[in-house]
Each structure stands twice: as C-alpha cells, then as structure tokens.
Amino acid sequence: MPLALITGASAGLGREIARALAARRWSLVLDARTPGPLRAAATELGRDTWVEALPGDVADAAHRTDLAATVASLGELDLLVNNASELGPSPLPPLASYPLDALTRVLDVDVVAPIALTQLMLPALTRAGGTVLNLSSDAAVEAYPGWGGYGAAKAALDHASAVLAAEHPELHVYAVDPGDMRTEMHQRAFPGEDISDRPLPADAVPALLRLVDERPPSGRYRAADLATGSVNR
Ligand SMILES: NC(=O)c1ccc[n+]([C@@H]2O[C@H](COP(=O)([O-])OP(=O)(O)OC[C@H]3O[C@@H](n4cnc5c(N)ncnc54)[C@H](OP(=O)(O)O)[C@@H]3O)[C@@H](O)[C@H]2O)c1
C-alpha cells in the first residue's frame, strides 16, 4: 500500500485529502496540534486503512523528528502533503503594523516547517520516487491588502518548491493553490463574514489528486485549472 504523510489532517482540506486516500487504501501518517480532533479523524479513517496519528506542531523540531522516525520505520514515502498552515492574526493586519512575532510564526509554520519536513523525508521520498504537495494560495501571487504575511510565506513556499524540484528531478514537487474553501482558516481570514458561498474543501480534492495520479511536470498548479482538465501553470 502506498504511504502518505499529511500535515494538518484533523480538519479542512488536510482531512479531506486523508479521507480520499484512505478510501483508496493508502496508509497514512497524520498530524495536527489538537489531539482530540486528530484522534477522531484517525478513528474514522482507520476503518478503511492503516493510520498513525501523531499530535504535534509542525514548527516543533522534536515533533518533526517523531514523524520522520515513523515514516522511516515504514520504508518508503510516496506522498508528503505539507498542508498545515498559519494564517496569522485575525483580522489580517497591514504590513505597516504587522506584529513581528506573529510574522515569524507564520514564516516558521508555512515556510520553514515544510522545508524542514521535506529534508527529513527526502530519503524515504527518494526510495519511492515520491511526490511532494505543498499547499499554496492565490495570496502568494496576488497583492491583497492584509495578506502580506501569509502571502509572502506562501510565495516563499512556492519558490522553495520550484528550487526543490530543480534539485530533485527524481521527485515530483508541486505547489498547488486549492482555491477558496469554507474552512476554519478561511473564516478567520474573513471574521464575521458569511462564507457559506465558498466551496467545501472536499470539492478541491479530485483536482489535487490529479497531480498524484497523473504526475505532470513539477511546478505550480491551481486546482481550478486542474478541475477543468488543463494543467497550465
Ligand atoms: N481555506 C482556504 O480558503 C484556503 C485557500 C488557499 C489555500 N489554503 C491552504 O490550504 C491548506 C489547508 O487550509 P484549511 O483551510 O483546510 O485549514 P484549516 O481548516 O484551518 O485546517 C488546518 C489543519 O491544520 C492543522 N494545523 C494548523 N496549524 C498547525 C501546525 N502548526 N502544526 C500542525 N498542524 C496544524 C489544524 O489542526 P490544529 O489546529 O489542531 O493544529 C487543522 O487540522 C493550508 O495550507 C492553507 O494555507 C486554504
């Protein structure tokens, strides 16, 4: 059975990716910080497949080491999904007054942690000729007021993904923008607003899984393009 490590898998998009892979009988290593919802996800998905759930913060080096040890004990890693992400303060502050400790946290979770996890997983990914899926955002390429911290972090993640792909032609490395989704993070980005018109995270999953199934060239993709059949970047 193929093996995937998905960060931030207790809710939102991460949970839906895990659900879809569990239905395909992939083995799963999952994390999230809050143990209860993570355990609930593992219990649900464990009815279909083998699941190991390790609570922790992706920005915590010791937690990342635990994830790596679990993956190493299983041999090969077919898919690393760097999905866990930090939005920053809500409401989103302009850069002029962005608290720098919050900015550092956003960069730690959204850029440093995915790179650090990839470093640790490289041996297992290389053995499998695996895929790295880094969750990006339109905020990485559009200059929305208030989105400077998170957007800069996602832009950095996009670039790191591109460099990683150039350095590791044996892997497939994708940065992918899933589009707006009706999740906790999205509600925090738009506090007090009605976000019920946004699609559910499950709606983005088939497009994202095209990258895993069809393995187009490494690069940056948008779920909206993948959903309509094009793989234009
Ligand atoms: N929602 C959108 O409209 C949208 C749009 C574009 C891109 N994205 C991207 O899509 C991805 C998924 O977002 P989402 O909206 O599904 O998020 P979400 O609903 O807020 O879920 C986030 C998940 O990640 C976990 N998590 C958060 N911080 C973590 C950390 N430091 N370490 C480990 N786990 C952590 C959360 O659990 P705990 O809180 O218990 O840790 C939860 O399981 C993110 O990369 C996001 O940037 C989202």
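Helix α1 passes helix α2 in a right-handed crossing in this predicted model. The two helices span residues 12–23 and residues 35–45, respectively, and their axes come within 10 Å and cross at roughly 20°. Because angles under 35 degrees count as roughly parallel, α1 and α2 are described as roughly parallel to each other. On the α1 side, the contact is made by Arg15, Ala18, Arg19 and Ala22, which meet Pro37, Ala40, Ala41, Glu44 and Leu45 of α2. By class, this contact has 6 nonpolar and 3 charged residues, with no polar ones.

Helix α1 also contacts helix α7, which comprises residues 205–214. The axes of α1 and α7 come within 10 Å and cross at roughly 60°; the pair is therefore oblique. The crossing of α1 with α7 is right-handed. Leu13, Glu16, Ile17, Ala20 and Leu21 of α1 meet Val205, Leu208 and Leu209 of α7. Of the residues in this contact, 7 are nonpolar and 1 is charged, and no polar residue takes part. Thus α1 presents Arg15, Ala18, Arg19 and Ala22 to α2, and Leu13, Glu16, Ile17, Ala20 and Leu21 to α7.

A further helix pair is formed by α3 (residues 61–74) and α4 (residues 100–128), which pack at an angle of about 25° with their axes 10 Å apart. Helices α3 and α4 are therefore roughly parallel to each other, and their crossing is right-handed. From α3, the residues in contact are Arg64, Thr65, Leu67, Ala68 and Val71; from α4, they are Ala113, Ala116, Leu117, Leu120, Met121 and Ala124. The residues of this contact divide into 9 nonpolar, 1 polar and 1 charged.

The ligand is surrounded by 31 residues, the closest being Ser10, Arg33, Thr34, Tyr150 and Thr183. Polar contacts to the ligand involve both backbone and side-chain atoms of the protein. At serine 10, an N or O atom of the side chain is 2.7 Å from an oxygen atom of the ligand. A polar backbone atom of glycine 8 is 3.4 Å from a ligand oxygen atom. A nitrogen atom of the ligand is 2.9 Å from an N or O atom in the side chain of aspartate 57.

Two features of the backbone were also noted. Most residues other than glycine have a negative phi, and most peptide bonds are trans. Arginine 25, in contrast, has a positive phi, near 70°. Arginine 25 lies in the loop between α1 and β2, a strand covering residues 27–32. The second feature is a cis peptide bond between serine 90 and proline 91, with omega about 0°. Proline 91 is located in the loop that runs between β4 (79–82) and α4.

Conventions
Residues numbered from 1 in each chain as written. Predicted model: local features only at pLDDT ≥ 70, side-chain atom pairs only at ≥ 80, totals over all residues. Heavy atoms only, no water. Axes fitted to C-alpha atoms, helices over the stretch in contact; angles between N-to-C directions. Helix = DSSP H or I, 4+ residues; strand = E, 2+ residues; numbered from the N terminus. Parallel < 35°, antiparallel > 145°, perpendicular 65-115°, else oblique. Left-handed = near helix turned anticlockwise from the far one by under 90°. Contact = heavy atoms within 4.5 Å. Nonpolar A, V, L, I, M, F, W, Y, C, P; charged D, E, K, R; others polar. Near = heavy atom within 4 Å. Polar contact = N/O pair within 3.5 Å; in protein donor to acceptor, adjacent residues only side chain to side chain.
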